[in-house]
Amino acid sequence: MSKKALIVSDMLNDFIDENGALYCGETVHAIVPFIRERIERYRRQGAAVIYLRDAHDAHDEEFEKFPPHCVAGTWGSEVISELAPIAGEPVVNKKRYSGFYGTDLEKILLEKAIGAVEVVGVCTSICVMDTVAGLANRGYSISVPVKGVADFDAKFHEFALKRMAQLYGARII
Ligand SMILES: [Zn+2]
């Protein structure tokens with residue numbers, strides 16, 4: 001029987017902390033306690049919790065579009081302390097929006113025999129949506145809780161939720 005996993009996308013100091021290099025804004029704070037509850041529930045059930053982490057090179061080409069952020073090995077690229085991973089939980093470093101691009105995420109999901117994935121984190125219209133696209137292309141059952149995702153752009157947030165539901169079949173819960 002296939003198992004379920006929680007993917008926690010980019011809940012990193014540079015995005016979530018007010019002093020972060022690419023702070024996502026006020027709306028991110030409300031999702032932290034919600035995500036904490038979800039993480040604790042998955043852990044209690046013995047289900048997988050998988051973290052995605054933006055971890056850029058010092059001169060990454062993404063910095064032509066965004067201010068430099070989440071440089072690998074720095075404070076900004078660490079998961080916020082409230083949601084810190086525990087021993088054995090994979091933290092997947094990525095350099096692009098999708099959690100699948102250039103990473104072991106696909107292998108990890110296969111090894112853990114995952115069939116259903118819940119995605120939480122930031123930003124709804126960027127890394128969350130691109131990772132959901134990758135999950136949909138690979139046939140996973142997907143859910144995205146509205147209370148568990150945030151974006152610095154409210155319109156993009158709403159659009160992304162609709163698009164993930166209509167194009168990728170994600171259950172928006
Ligand atoms: Zn980035």
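How many of the nine residues of S4 are buried? Seven are, so S4 is largely enclosed by the rest of the structure. This is a predicted model, and strand S4, residues 114-122, is a good place to enter it.

Start with the partners of S4. Strand S1 covers residues 3-9. It runs parallel to S4, and seven bridges join the two. Within that pairing, valine 8 stands opposite valine 120. Strand S5, residues 141-144, is also parallel to S4, with three bridges between them. Here valine 117 of S4 faces isoleucine 142 of S5 as its opposite residue. Strand S6 spans residues 149-150. Two bridges tie S6 to S4, again in parallel. One pair to look for is glycine 121 with its bridge partner in S6, valine 149.

Now follow the chain onward. S4, helix H4 and S5 form a β-α-β unit, and the unit is right-handed. H4 holds 14 residues, 124-137. Does its length come out as expected or not as expected? At 1.5 Å a residue, H4 should span 20 Å; its end C-alpha atoms lie 18 Å apart, which agrees. Just after H4, glycine 139 takes a positive phi of about 80°.

Next, look at what H4 buries. Its buried residues are Thr124, Ser125, Ile126, Cys127, Val128, Met129, Thr131, Val132 and Leu135. An α-helix has 3.6 residues a turn, so residues three or four places apart point the same way. The buried residues of H4 pack against S1, S2 (48-54), S4, S5, S6 and helix H5 (154-168).

These contacts lead into the core. The largest nonpolar core has 46 residues. Val8, Val122, Val128 and Val132 touch the most other members. H4 gives the most to this core, with six residues. Take valine 128 as a close-up. Setting aside residues up to four places away in sequence, valine 128 touches Ser9, Val119, Gly121, Val122, Cys123 and Val149. Two of these names have come up as a bridge pair: glycine 121 and valine 149.

Finally, turn to a loop. Glycine 88 sits between S2 and strand S3, residues 91-94. Is glycine 88 buried or exposed? Glycine 88 has 7 C-beta neighbours inside 10 Å, so it counts as exposed; the cut-off for that label is 12 or fewer. From glycine 88 to glycine 20 is 27 Å, C-alpha to C-alpha, and the two are 68 residues apart in sequence.

Notes:
Residues are numbered from 1 along each chain as its sequence is written. This is a predicted model: local features need pLDDT of at least 70, side-chain atom pairs count only at pLDDT 80 or more; totals for chains, interfaces and linings use all residues. Helices (H or I, at least four residues) and strands (E, at least two) are DSSP runs, numbered from the N terminus. The expected span of a helix is 1.5 Å times one less than its number of residues. A residue is buried if 20 or more other C-beta atoms lie within 10 Å of its own, exposed if 12 or fewer, and partly exposed in between; C-beta atoms are placed from the backbone. Two residues are in contact if their C-beta atoms, placed from the backbone, lie within 7 Å. A nonpolar core is a set of buried Ala, Val, Leu, Ile, Met, Phe, Trp, Tyr and Cys residues joined through C-beta atoms within 7 Å. Two strands pair if DSSP finds at least two bridges between them. A crossover is right-handed if, with the strands pointing away from the viewer, the path from the first strand over the helix to the second runs clockwise.
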